[in-house]
Amino acid sequence: MGADNVDAFQRFIFSVPPLRIQAAALVALSVVYAVGTVGGIWLFTPFAPEPSRILPVAVLIFLVPFVVAAELFPRVLDGYPRSWSYFLALTSQFVLFVYALVLSGADNVGNAWSIIWLSFITLYLINILVLVVSTGIDRFDRILLVSLVEPAGLIAAFYALGGSELGFSTYRHVFAFASLLIAAGFLVLVLVVVDYLIKSNTDVSAFALTSGLLRNDRESLDLGVEARPAVETFAVDNGRRLTVAAPWVHPGPLGGFGGGQLSGNLIEALNEGRGVDGAERAETAAATDGGAAAAASADAAGFFFHVPCTHKEDLSNPADAERILDAVADPDRTERVSRLVTASYGEREGYADVRFHGRRIGDKEVIVLHGEGIDDYDTGVFMRDVDHDEVLLIDQHRHDIQNGPDVEIQYGSATADRLKRAFDDFRDRLADTDLVEDYAAGFAVTRTGQDALAMVERVDGQEVLWIGVDTNGLTPDVRATADEYRAEFDAVIPFSTDTHASIHELANKRESDIDAIEGAVDRAVDDVAPATVGFESNRTEPVKLLKNDYNGLVFSVNILIRLTLISLVILYALLVLWLFF
């Protein structure tokens with residue numbers, strides 16, 4: 001996942017501690033910071049404040065202004081979480097303490113005055129920036145006012161604790177207040193300009209996009225072109241039915257925007273009995289295994305395959321997931337299949353590892369692709385001359401979830417031509433395999449906070465295990481678990497759905513529910529029985545795919561990150577020059 005991708009937003013996402021922990025930390029740190037501030041002034045300045053000053057400094061400087069702001073932000077800005085508000089208060093509290101330490105090193109009263117006001121202005125700007133990014137620039141008037149509460153409280157506390165006794169002229173006061181307002185106006189101007197530039201490029205507000213991603217909103221992007229992508233449906237029936245949707249649509253771009261939640265939505269629908277030509281199937285009943293809830297019903301389960309495609313195939317409207325679901329089919333099935341064939345083309349084609357697994361299903365082929373160091377592929381790289389009714393091509397997307405590749409294979413490139421030659425050669429090898437009437441399979445889907453599929457196929461004495469997880473890449477523990485199963489099975493195929501459902505998961509996920517996955521594998525093994533298998537391809541009703549408009553979103557991310565950071569550095573430098581010189 002390269003920095004030119006909207007996944008770059010994940011660099012700014014992290015888990016916020018629970019509210020009660022943050023509130024306790026705000027109180028405790030106010031005392032710690034007060035002790036540090038009073039101690040710094042006592043050690044490094046001519047002043048000798050009494051220890052009794054610690055409590056007023058803790059309450060009036062480091063606690064009250066931040067608690068008031070933390071409680072006020074969610075009330076004035078609807079939808080802004082209190083936990084975020086308290087985390088912002090904790091951050092601002094720390095910034096103020098850093099300024100307090102700098103203040104203890106001031107060499108004269110004039111510099112001390114400038115440092116104090118620079119801290120007030122900095123906190124004001126931090127609040128404005130964070131609130132605009134997380135709630136949207138359309139509420140900048142409210143944000144300007146509510147962000148002023150924190151520095152206003154600090155200014156009042158400053159004078160209450162003796163600031164008025166420093167003897168500064170009226171001019172200095174007017175100059176300081178004017179500097180605060182000018183800095184805020186300059187910051188808002190920068191943000192408005194950034195938003196305007198991005199809107200002119202994509203007709204999407206950068207701050208609406210960012211705030212929506214942070215809040216995980218479900219939003220439609222007014223972008224893209226109309227298309228009717230293919231939706232392939234893989235089905236196994238061993239007395240129960242497994243239906244796996246493999247749409248030629250990428251599950252992105254991120255969060256609730258466009259098709260970011262596509263894979264999860266389809267998995268949920270298929271396990272609830274919806275789909276298969278729009279018909280309702282039997283409702284799914286929850287089963288329990290070792291205390292873990294497992295999605296399974298007496299006759300049905302469902303999952304999602306990721307095909308080799310890029311973000312250009314993202315849905316622009318999340319509601320179009322229903323049209324993808326409507327195209328899920330009920331394919332004809334057969335028990336005549338081949339053994340699994342595996343071939344690596346890494347050495348001959350110059351890659352560390354390009355590997356295909358495949359088997360014939362009647363007169364059709366199911367092929368699984370893994371390209372080490374490759375993230376996504378243009379849709380035409382492999383399938384430009386292949387009928388979707390003849391081949392189901394699946395991208396394992398098994399890279400590490402936090403350290404994935406950023407190489408995207410473009411149609412028409414020399415690399416794409418080499419991959420296509422390898423693919424065609426593998427299909428020729430697969431065509432020579434014999435069909436046997438000896439197909440057996442078992443499967444289990446678990447939905448314990450993370451959707452996962454285990455499927456076991458047995459053909460002519462050969463056993464193959466599939467382990468699929470609804471994530472963007474695989475966590476190390478899933479990869480290790482798959483390696484452990486290689487001793488028990490002739491082949492193990494771990495895969496992910498490449499979901500972009502949660503920006504928070506992209507940023508933070510380090511491990512998976514291995515117990516639930518191993519439980520699903522055990523149930524799949526126990527479920528193995530004579531079965532039939534098949535797949536079918538349908539076209540959707542018209543949906544909008546981002547196509548080249550995705551590039552506009554990428555440009556928007558780059559502009560937002562780089563231009564905003566550069567502007568903030570320039571603004572801070574100007575503030576220092578303005579106040580000190």
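Is lysine 547 buried, partly exposed or exposed, and what is its relative accessible area? In this predicted model, lysine 547 is partly exposed, with a relative accessible area of 28%. The residue lies in the loop between β24 (543-545) and α18 (549-580). Its phi is near 50°, a positive value in a residue other than glycine.

A positive phi is also found at aspartate 498, where the angle is about 60° although the residue is not a glycine. Aspartate 498 belongs to the loop that runs between β21 (491-496) and α16 (503-508). This aspartate has a relative accessible area of 1% and is therefore buried, the limit for that class being under 20%.

An open sheet is formed by 4 strands in the order β9-β4-β3-β23, with mixed pairing. The edges are occupied by β9 (300-304) and β23 (532-539); each has a single partner strand, so one side of each is left without a neighbour in the sheet. On average, neighbouring strands of this sheet are turned by 20° against each other, direction ignored. Helix α10 (residues 262-271) packs on the sheet and touches β4 and β9. The direction of α10 makes about 170° with that of β9.

Within the sheet, strand β3 (residues 230-237) pairs with strand β4 (residues 241-247) in the antiparallel sense over 7 bridges. In this pairing, valine 231 stands opposite proline 247 in β4.

A further backbone feature concerns glycine 252 and proline 253, which are joined by a cis peptide bond with an omega of about 10°. Proline 253 is placed in strand β5 (residues 253-254).

Methods: Residues numbered from 1 in each chain as written. Predicted model: local features only at pLDDT ≥ 70, side-chain atom pairs only at ≥ 80, totals over all residues. Heavy atoms only, no water. Pairing = 2+ DSSP bridges. Helix = DSSP H or I, 4+ residues; strand = E, 2+ residues; numbered from the N terminus. Axes fitted to C-alpha atoms, helices over the stretch in contact; angles between N-to-C directions. Contact = heavy atoms within 4.5 Å. Buried < 20%, exposed > 50% of the residue type's maximum accessible area, 1.4 Å probe, protein only.
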